[in-house]
Amino acid sequence: WSGDAAFVALDQINFVNLLAPPPAVGSAVQKEETALLLTLQKERTPAMEAFAQADAERNVFRFADAVGADFTAAKLPRTAAFFVLVKENADALIGPAKKHWDRPRPYASTPEITPCVPKPGNASYPSGHSTFGTVDSIILANMLPEKAAQIYERAEAYRFNREIGGVHYPSDVAAGRIAGTVIVAFMQQSPAFQEAYGAARAELRQVLGLPQ
């Protein structure tokens with residue numbers, strides 16, 4: 001069972017047709033975005049850098065601070081496996097758009113930008129981390145409506161950490177948020193998704209001691 005098209009086939013969504021192109025290199029918008037990133041770089045504290053570095057990991061269990069201490073892969077094997085498939089499918093769906101626009105990373109266009117997180121080896125737009133954080137937060141919030149506010153707040157911080165880290169422009173992050181929302185909307189139409197989601201949701205709510 002390949003994660004690439006586990007729930008949504010790759011020809012079902014064409015993000016090149018759905019997303020606006022990224023701001024052009026040298027454009028006024030890109031200059032504004034660069035200025036913002038340089039300000040963030042100047043103002044970030046060691047604690048902010050450490051948080052951004054930790055959030056460089058694309059793992060649903062980064063949401064543990066919003067969900068609870070029992071939200072671990074060891075306690076939730078079915079949930080962990082489900083979210084791996086979700087991640088692989090989402091990555092495959094945005095891959096063609098990243099390649100199509102091939103937007104250079106902020107530090108590639110502006111040498112003064114020095115990332116405090118690992119430099120990714122692919123293009124900047126849309127943000128894969130932002131897409132990932134959005135997809136996982138929507139699914140988690142549907143599983144745990146009692147914790148939806150905290151989950152969405154955590155997703156906002158996760159996305160913003162890509163700007164703090166110096167590896168994404170705000171427009172990359174905004175596009176990832178749109179892409180992630182679209183991906184979940186398509187996933188929810190998939191019987192395979194609904195089956196896997198139902199099993200993961202039941203496991204998660206049982207481990208957290210919440211009613212089914």
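## An all-helical predicted model

At 53% relative accessibility, Glu43 is classed as exposed. Glu43 belongs to helix α2, which runs over residues 28-43. The C-alpha atom of Glu43 is separated by 43 Å from that of Ala196, a residue 153 positions away along the chain. The model described here is predicted.

### Overall fold

The protein has ten helices and zero strands. Read along the sequence, its pattern is therefore written with helices alone, α-α-α-α-α-α-α-α-α-α. The radius of gyration is 17 Å, which agrees with the value near 17 Å that a compact globule of 212 residues would have. Along the principal axes, the C-alpha trace spans about 50 × 40 × 25 Å.

Buried residues account for 49% of the 212 residues. Among contacts with a separation of 6 or more, 82% are between residues 24 or more positions apart. The accessible surface comes to about 9600 Å², and carbon and sulfur atoms contribute 58% of that surface. The protein carries 20 positive and 22 negative charges, and the mean positions of the two sets are 1 Å apart.

### Helix α7

Helix α7 covers residues 128-143 and contains Ser137. Thr134 lies in helix α7, and Ser130 is likewise part of helix α7.

What is the relative accessible area of Ser130? The value is 0%, so Ser130 counts as buried. Thr134 is buried because its relative accessible area, 3%, falls under the 20% cut-off. Ser137, at 1%, is buried as well.

Leaving aside neighbours within four places in sequence, Ser130 is in contact with Arg159, Val173, Gly176 and Arg177. With the same neighbours left out, the contacts of Thr134 are Arg159, Gly176, Arg177, Gly180 and Thr181. Arg159, Gly176 and Arg177 thus appear in the contact lists of both Ser130 and Thr134. For Ser137 the partners beyond four places in sequence are Phe63, Ile151, Tyr152 and Ala155.

Ser137 and Thr134 are also linked by a polar contact: the side chain of Ser137 reaches the backbone oxygen of Thr134 at 2.9 Å. Ser130, for its part, is 15 residues from Pro115 in sequence, and their C-alpha atoms are 17 Å apart in space.

### Loops and backbone geometry

Most residues other than glycine have a negative phi, and most peptide bonds are trans. Two places in this model depart from that pattern, as set out below.

Which residue has a positive phi although it is not glycine? Asp102 does, with phi near 45 degrees. Asp102 is placed in the loop between helix α5, residues 77-101, and helix α6. The relative accessible area of Asp102 is 54%, which means that Asp102 counts as exposed.

The peptide bond joining Tyr125 and Pro126 is cis, with omega at about -5 degrees. Pro126 is found in the loop between α6, residues 106-109, and α7.

Tyr125 also appears among the contacts of another loop residue, Ala20, which touches Trp101 and Tyr125 once neighbours within four places in sequence are set aside. Ala20 sits in the loop between helix α1, residues 15-18, and α2. Ala20 is exposed, with a relative accessibility of 53%. Ala20 and Asp4 are 16 residues apart in sequence, and their C-alpha atoms are 24 Å apart.

### Helix α10

Val207 is found in helix α10, which spans residues 191-207. Is Val207 buried or exposed, or does it fall in between? At 26% relative accessibility, Val207 counts as partly exposed, because that value lies between the 20% and 50% cut-offs. Apart from neighbours within four places in sequence, Val207 is in contact with Asp70, Lys75 and Leu76. Val207 and Ala5 are 202 residues apart in sequence, with 29 Å between their C-alpha atoms.

### C-alpha separations

The pairs mentioned above are collected here.

| Pair | Separation in sequence | C-alpha to C-alpha distance |
|---|---|---|
| Glu43 and Ala196 | 153 residues | 43 Å |
| Val207 and Ala5 | 202 residues | 29 Å |
| Ala20 and Asp4 | 16 residues | 24 Å |
| Ser130 and Pro115 | 15 residues | 17 Å |

Conventions: Residues numbered from 1 in each chain as written. Predicted model: local features only at pLDDT ≥ 70, side-chain atom pairs only at ≥ 80, totals over all residues. Heavy atoms only, no water. Helix = DSSP H or I, 4+ residues; strand = E, 2+ residues; numbered from the N terminus. Rg over C-alpha atoms; globule rule 2.2 N^0.38 Å. Buried < 20%, exposed > 50% of the residue type's maximum accessible area, 1.4 Å probe, protein only. Contact = heavy atoms within 4.5 Å. Areas by Shrake-Rupley, 256 points an atom, 1.4 Å probe, with all protein chains shown as cover. Lys, Arg positive; Asp, Glu negative; His and termini not counted. Charge placed at Lys NZ, Arg CZ, Asp CG, Glu CD. Polar contact = N/O pair within 3.5 Å; in protein donor to acceptor, adjacent residues only side chain to side chain.
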